[in-house]
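This report goes through one protein chain, from its overall build to a few individual residues and their charged pairs. Please keep the sequence and the model at hand while reading.

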Amino acid sequence: MKLIELVRAGDADGVAAELAELTPAQRRACLPELKAFRKEIREDWWRKPDITQALLIAGAGCHTAAAAAAGWLGGAEFSRGSGWRHPALLTVFESQPPEWRTAVVARLAERRQEAWWSDEYQFLEHLVLTTGCPVPTSEGFVAHWLTDRGWQRDRAPHLTGGVVGPTLWQRLSADPFVPLLVPRLFEIDEIGAELDRPWHEQQDGGGWAQCLARLAEQGVLDRDEMIDRCLARLLRGGRASDQRGFLTLLQAFAPTAQENAARVRSYLALLDALSTVAVHAQQVLAHLDEAGLLAPGLLGEASATVLFRTEKKLVRTQLSWLDKAARRDPARSGEVVLAAADAFGHPDPDVQDRALKVIARHLETAGEEVLPQLRAASDVLNPAHTARAGELFGVELQALAEVYEELLPPVPQPVPMPDPLGSPAEVAEEIGAILAGDADVTAFERALDGLVRHAYRDRPALVKALEPVLRVHLWSGTRWADCSPPDILHVAMVAARRTTPELLRSIHRATDFGDLLASRLEEAARRLRPGRTPFLLATPTSASGSLDAAALVERLAAYEAADVEAGPADLSQALLRVVPTDDAEVLAAAERLTSDAGQRVARWLRSGGLPAQPSTRVRFVPGEDRGLDRWEAYTVQDAVLTVVEQPGVELDEPLAADAAKLLGPLVPSGRRTVRYWRSSPSRHWLAALPNHREELAARLLDAFANVEARGAAELLPYLAEADGPAGPAVHLAVAYGLGARLPEDRAAAVDALLVLAVRGDLDGALLGRELAELVLIGAVKTNRLTDSARAAAGTGAYGTVWSVLAGALPQLLTAKPVRGAGELLAVAADCARRSGARGSIAEVSAAAGRGGASRLVKEARALQEVLAAGV
C-alpha cells in the first residue's frame, strides 16, 4: 500500500495527500497494517519523530469512527510527539464531517490531564474556536487551558484563533472561555498552585487572582459566586500550595465586612483548616467582632476551635482577641473567661498559663456564676498550674493519682500476606495500581509472583489481560533513576514479547537496594517462558517482607518435584527474608531437600540465618582524611553528621552479587551520600532485610539525616516494626526523625518511638544522648524536638518521654544552654510530674540556681521541684 510506504518514510504531507484520494472504505482497509506498524515501532518511537508523526496523521484519517480515532490519537507515544503541530493533521481533520470532529474533540478532552501535552491542547482549542465544537469542560482541558493562558507559548502558524497577548490580563480579557472554564477551576484537585505563580503577578494587570477580580468588577464573572466558590474550595481542604492559590484569590476579591458577615459560618469552619487559611479566617472574624457584626456566642465557638490548635501564633492571637473583647465590653467578660478555659486542655503548659492570666484579669467582672464551669474545666490543667487555678477558683484541685499508668499503643502484630493472585486479570489490575502510585509492598510482591505464576499456567491469557495496561503505560528502558517497583512494567512487557529481559540493564542504578530489585526483575523476566518457573521463592508471607521458613521449605520441595532450578537472585532474596526457626519439623523437612538450593536453605536455617551486625557510632566531618574528593565533601554540604559504621558480614553461604552488597562493610563517606541522593527510600527497601532493622537503619541514615527533606521519616514506624536488634543506628534514625522539618515526618518519628517502647526495644538514655548530640552540632533544632516530645507525651507516654529527655538534658544544659531549652524543660517537667519521676539531675539543679527570671531558669526550678518531691 502506498499509504504505509509514506508512513515508513515519515512523509506527513504525502500521507495527508494520499488520504484525500481514498474513500472511507479504502481508509479503513489500511488500519490493520497501520496497527501492526505501530506495534513494530512501539519501543523506539521517540527515536523516529518523523515516522511517528506520519503514523499519527495516517491513523487519524483512516479511523472513520470517532471513538476509534480518539483512541488512536490518545496513544501515549503520540501525545509526546510533534505531530499535533503539523499542518497535515489539521488538513486531515478538516476533511472529516463536523460531527466526527466534534465527537473526537470531546473524547480527547475527557482523557486524564497527564495524558496529553500543550501542543495537543492548542490543536483542540483551535478546533473548538474555528468549528463551533462545544467548549470541553473536562479536567484535562481546563488544566491545560489554565497553563496555556498563564504561559504565553509559541503557536504553530496554522493554528489560528487562539488567544494571544503579552500579559495575562490581555489574554484573559479577550478570552471567550473565561465565563465557562473559571468556575471549573474550583472543582479540580491540586490546581490552586497555578493561580499563585509569583511571576504572573509581576506582569501589568497582575496575576491570576488580580485578573479574575478585575473580570468580576467588569461583570464577566459573578463576584458573589466567586467568593462563595473560594470559600467552598478552602473548606474542602488540600495541600498547602493548592490552598494558598485559592486563599490568594479570595483576598484579591477583598470582601467587604457585610459580605464577610453574610458568610460567617464559612469562616468559623475555616478556623480548623490549614494554618495560613485559619489565620486569615481568624483575622476576618476578629475584624467583624470589632465592627460589632459578630453574633453573641460566636466568639466562644471560634475559641473552642482555635485553642486546641498547636500553632502558637494562632493560639496566642485568639487569647489576645478574647482579652481585647472583654476590655472593649466588660459585659462580655463571662463569655470571655469561659472561652479562655478551653485552652486548659492545650498540650503546651505555656498556653494554659496565658489562658489563666486572661481569666484572672476578667474574672471579677465575669461574676461568681462562671466559677462552677471554670472549676470543672480545671481538671485537665497541667499539674504545674493547679495551685494557681485553685487560688483563682476557690477550690483545692485533685492531685495526680499516686499510681501512674503508662499509655502505649498496642504491640504491632504481623499482617499475613494474602493468597497469590488467582487470575491474569487480577495480575493486570494489581500492576495497574502499582503504576498509578500504589507503594504497598504486598501489591508489588504479589504482582511479580503473579506474572511468573500465570505465565507458567497460561501465557496467552496473561498477555491478553495485560493488553489494556500496556496500551496506557509505556516503559522506555532508559532513564536517570533508581530501579523501583513501577519497573515491574518491564516484566509485563517481556511477558507480552514487547521487549527483552536484558533491556532493564540500561537503567542507571543509584542504590544497592535498587540493584537488588533490578536483578530480581531481570531474573523474573528471563524465567517467564511457559513451563520454566511455577512461582517465586522470595514472595513474602508477611506484609513486612518477612518469609516464613516452613513456606520457603515447602516451595523448594515443589521446585524439586517439578525439576525447577532456583534463580540466584530469587533465592538470595528469600534467604535474606526468611525468619530463623527452631521448629524441629521444619528443619527436618529442609534436611530432606536434595537440590543445591534446598541444601543451601537447610544449612542457612541450621546456622540461624543471617547474623546481625554491630553498629559503631562515629562522627563524620566532610573534609577529614577519609579519602573524599572535593565533590564528595560538597554533596553533604560540609555538615557534621552523626552516623554509624558496620564491619560487614562474612557468610558461609554465597549470595548473588547484588544481594551481597547489602551486607558489605559500611564506612561513612561522601560516596555513600552520592549513591543515595537521587532516590528516596521506600518500604520496598525495608522489605529487602525485614528481620534486620539495625542494618537497614545504618544504610538509610544519610536519608534520615536530611531532616529538611520531605518523606524519609515516613519509613520510621515500619523500621521500628521490623525485627532484629535496635541498636545505635535505629535510635539515631529516630532521633533525626524527631527533629525533622515537617510535622508529618515528626509524627512518624513519634510513632516509631512509641512502637520501640511498647516492644521493649527503646533505650531512652541512648536516644536522649543522640538527640542532645544532634542539637549541639546543629543537625536538629530544639523547637522541633520540643514539638515531638510534647506530641509523644500527649499520647499518654509520659514515662517514655521522660526517659528520653532525662538522657538529653545533661548535655543540653551546658554552661551555655542551647536556644529553646526552656520550652523543652517545660515538657520534661510535665512528664516527670505526671509519671512520678524522682531523683536529682545535677545540670538541672545548676540551671535552677542561676539568677534571673528567664524561661529556662523558671522551668529548671519547676523540674527540680518535681524531682525533689518526697525526697
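How many helices and strands does the secondary structure of the chain come to? In this predicted model, the count is 48 helices and two strands.

## Overall build

Taken along the principal axes, the box that the C-alpha atoms fill is roughly 100 × 85 × 50 Å. The chain has 871 residues, and 54% of them are buried. Among the contacts with a separation of 6 or more, 74% are between residues 24 or more positions apart. The accessible surface amounts to about 37,100 Å², and carbon and sulfur atoms account for 52% of that area. As for charge, the chain carries 95 positive and 115 negative side chains, and the centres of these two sets lie 3 Å apart.

## Cysteines

The count of disulfides in the model is zero. Why does C30 form no bond with C62, which holds the closest cysteine sulfur? The two sulfurs are 4.6 Å apart, which is too far for a bond, since a disulfide requires sulfur atoms within 2.5 Å. C211 is likewise in no disulfide, and the nearest cysteine sulfur, that of C230, is 14 Å away. C30 counts as buried because its relative accessibility is 6%, and C211 counts as buried at 0% relative accessibility.

## Residues in loops

Two residues that are not glycines have a positive phi: for E190 the angle is about 55 degrees, and for A254 it is about 45 degrees. E190 sits in the loop between α13 (178-185) and α14 (198-201), where it counts as partly exposed because its relative accessibility is 42%. A254 belongs to the loop between α17 (240-253) and α18 (257-261).

The loop between α14 and α15 (208-217) contains G205, which is partly exposed at 27% relative accessibility. Leaving aside residues up to four places away in sequence, G205 touches W169, Q210, C211 and R214. One of these contacts, W169, is 36 residues from G205 along the chain, yet the C-alpha atoms of the two are separated by 5.4 Å. Another, C211, is the cysteine described above as buried, with 0% relative accessibility.

Is Q613 buried or exposed? Q613 lies in the loop between α34 (596-606) and β1 (616-620), and it counts as buried because its relative accessibility is 6%. With residues up to four places away in sequence again left out, Q613 touches Q646, P647, G648, V649, L663, E694, E695 and R699.

## Salt bridges

Side chains of opposite charge can pair when their charged atoms come close. A search of the whole structure finds 50 salt bridges, and the table lists three of them with the distance between nitrogen and oxygen.

| Positive partner | Negative partner | N to O distance |
|---|---|---|
| R149 | E125 | 2.5 Å |
| R149 | D175 | 2.6 Å |
| R784 | E708 | 2.8 Å |

R149 takes part in a salt bridge with E125. Because R149 lies in helix α11 (residues 139-150) and E125 in helix α10 (residues 118-131), this pair ties together parts that are 24 residues apart in sequence. R149 is buried at 0% relative accessibility, and E125 is also buried, with a relative accessible area of 0%.

The side chain of R149 also meets that of D175 in a salt bridge. Here the link runs between distant parts of the chain, from R149 in helix α11 to D175 in the loop between α12 (168-173) and α13, 26 residues apart. Both R149 and D175 are buried.

Where in the chain are the partners of the salt bridge between R784 and E708? R784 is in helix α44 (residues 782-794), whereas E708 is in the loop between α39 (693-704) and α40 (716-721), so that the pair links distant parts of the chain, 76 residues apart. R784 counts as buried because its relative accessible area is 9%, while E708 is partly exposed at 38% relative accessibility. Beyond single pairs, K312, D348, R746, D787 and R790 are joined into one network by salt bridges that share partners.

Terms used. Residues are numbered from 1 along each chain as its sequence is written. This is a predicted model: local features need pLDDT of at least 70, side-chain atom pairs count only at pLDDT 80 or more; totals for chains, interfaces and linings use all residues. Side-chain values use heavy atoms; hydrogens and water are left out. Helices (H or I, at least four residues) and strands (E, at least two) are DSSP runs, numbered from the N terminus. Buried means under 20% relative accessible area, exposed over 50%, partly exposed in between (1.4 Å probe, protein chains only). Contact means heavy atoms within 4.5 Å. Accessible areas come from the Shrake-Rupley method with a 1.4 Å probe; for residues, only the protein chains shown count as cover. Lys and Arg count as positive and Asp and Glu as negative; His and the chain ends are not counted. The place of a charge is taken as NZ of Lys, CZ of Arg, CG of Asp or CD of Glu. A salt bridge is a side-chain nitrogen of Lys or Arg within 4 Å of a carboxyl oxygen of Asp or Glu.
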